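This report describes one helix and its packing, followed by some local backbone features.

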Amino acid sequence: MDATRSGTPTVQYHNIPDQPIAAIVTSPLPTFQRQQRHCFGDSSPGEFPLAANPSIVLHVLTACNLEPQDLAKLEATCSFFRQPAHFPPDSELSISELAALDMCQKRAIFRPMNLEERETLKQRCGGSWKLVLRFLLAGEACCRREKAQAIAGPGHSIAVTVKGAVYSFGSNSSGQLGHGTTDEEWRPRQIRSLQGIRIIQAAAGAGRTMLISDAGQVYAFGKDSFGEAEYGVQGTKLVTTPRLVESLKDIFVVQAAIGNFFTAVLSREGMVYTFSWGNDTKLGHQTDVNDLEPHPLLGALENIPVVQIAAGYCYLLALACLPNGMSVYSVGCGLGGKLGHSTRTDEKHPRLIEQFRTLNLQPMVVAAGAWHAAVVGQDGRVCTWGWGRYGCLGHGNEECESVPKVVEGLSNVKAVHVATGDYTTFVVSDDGDVYSFGCGESSSLGHNTGPDGQGRHTNYLSPELVISLKQIKERVVQVSLTNSIYWNAHTFALTETGTMYAFGAGDKGQLGVELVANQTERGNPERVDIDLS
């Protein structure tokens, strides 16, 4: 092609005189001084040394909300981040430690602590504010502190708004709804006696409810006991409005978990306390079944901070924060292998579940069903173990597993949340999809497949995407389901917008939606008329 005709400008060539190669090589080249920039800088013009502006560095580190491990990497990389910053409140603290302390002070449960309490927590976590920050962040991630919550209890339900208001509905034979009566309520109703008190956590058991305020106080109502006797029924006295638990007034509580024979609470320092369960030292101490005094959980967890507890029918799981990573401990009844120690024997003191080290898995969330347990790892893997009836472990069969086993059916899913009930399991992925498996009784799995709802009572031996929740076109962040062997199950799915969907058994009004005549359950998720945002 002729370049001149194509409209392309012609290239002007210039003659370059021949020059010996040696002359080119030996020609003097302009020299450039390579400047070394260090964290501490020097006196050269234009330098902006970090050491001269540590307050700016501290502000940046705090504002960026770096993870504790990132702060630790900074310390390992540069001595500037390791040396004393000479800032109050402790002139010996490094910049990274000060940044961790500043981020701790943003946490709701840390702010009210006095200097002595903070130092005690620091030592309990391993002597570093970075480890304290990791402890606080881990607790927020697995317990939804300061966020909306939906709790599907045995026959009754509790909903907590972001602002700390509480709604209850469903069965009320023991006054567990907290409205001053024993009348059932199908329509969600706010507990008015709690006005002025911000609730941040809730737990629901058979005939009883526990609420935890942002001040660490515990309110209980329903059956006046912390557990049932192994032979016979306890808690014949009823409390129909929220009542402060006097024996816990001196303990700042951040979480409660209700089993069948016992109740457990977790303090903000990571101490576990338990109530009830008789005189057989099932939880490391001898108590009367009607004992209303909390007892510290003795043994391995006495000096290890715990970030989450989960109660099954007759056992307890604790997610602990060790300096070298997260671990799970179990205690109680070992039938079915649900304690995770490769045996089926009971444990009277908390015992470390070793299998997670073998799997190279860092546990981040624990869930204790009535007879089986589950964990979500930091990498998104899900492990289950215990009784495998109805396929609740998700391994494609109904066999028991006495140590945690990765659910291979979720290998392409990054999980962030898991919930367990009576032979039922739900998993929430990082993109908001929900998977369920196990017992399909009462339509509580959400698989309302086929014409006329056929298949909604089917048991699933492996994880199955809950299409009915996918169709609501909202991102699910939490699932709660009934964890009792005595009640038909119902399930709640909570979305990131604070919308709550319900399905499963609704014969006592526990779904928060009105059922038509002769209808006792719902197969499809239906929106509950509460704004939890």
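Helix α4 spans residues 95-104, and 9 of its 10 residues are buried. Buried means under 20% relative accessible area, exposed over 50%, and partly exposed in between, with a 1.4 Å probe and protein chains only. Helices (H or I, at least four residues) and strands (E, at least two) are DSSP runs, numbered from the N terminus.

This is a predicted model, in which local features need pLDDT of at least 70 and side-chain atom pairs count only at pLDDT 80 or more, while totals for chains, interfaces and linings use all residues. Residues are numbered from 1 along each chain as its sequence is written, and side-chain values use heavy atoms, with hydrogens and water left out.

The buried set in α4 consists of I95, S96, E97, L98, A99, A100, L101, M103 and C104. These residues pack against α2 (54-63), α3 (68-77), α5 (115-125) and α6 (129-143), where contact means heavy atoms within 4.5 Å.

For the pair α2 and α4, the axes are 9 Å apart and the packing angle is about 45°. Axes are lines fitted to C-alpha atoms, for helices over the stretch in contact, and angles run from 0 to 180 degrees between N-to-C directions. The two helices α2 and α4 are therefore oblique to each other; angles under 35 degrees count as roughly parallel, over 145 as roughly antiparallel, 65 to 115 as roughly perpendicular and the rest as oblique. From α2, the residues P54, V57, L58, L61 and T62 meet I95, L98, A99, D102 and M103 of α4. By type, the residues of this contact of α2 with α4 comprise 8 nonpolar, 1 polar and 1 charged. Ala, Val, Leu, Ile, Met, Phe, Trp, Tyr, Cys and Pro count as nonpolar, Asp, Glu, Lys and Arg as charged, and the others, Gly among them, as polar.

E97 also lies in α4 and is buried, with a relative accessible area of 8%. Leaving out residues up to four places away in sequence, E97 touches E75, K122, S128, W129 and K130.

Two residues other than glycine have positive phi values:

| Residue | Phi | Loop | Relative accessible area |
|---|---|---|---|
| N65 | near 50° | between α2 and α3 | 44% |
| S342 | near 70° | between β15 (325-332) and β16 (347-352) | 49% |

N65 is partly exposed, and S342 is partly exposed as well. In the loop between α3 and α4 lies P89, which is joined to P88 by a cis peptide bond with omega of about 10°.

Over the 533 residues of the protein, buried residues make up 55%.
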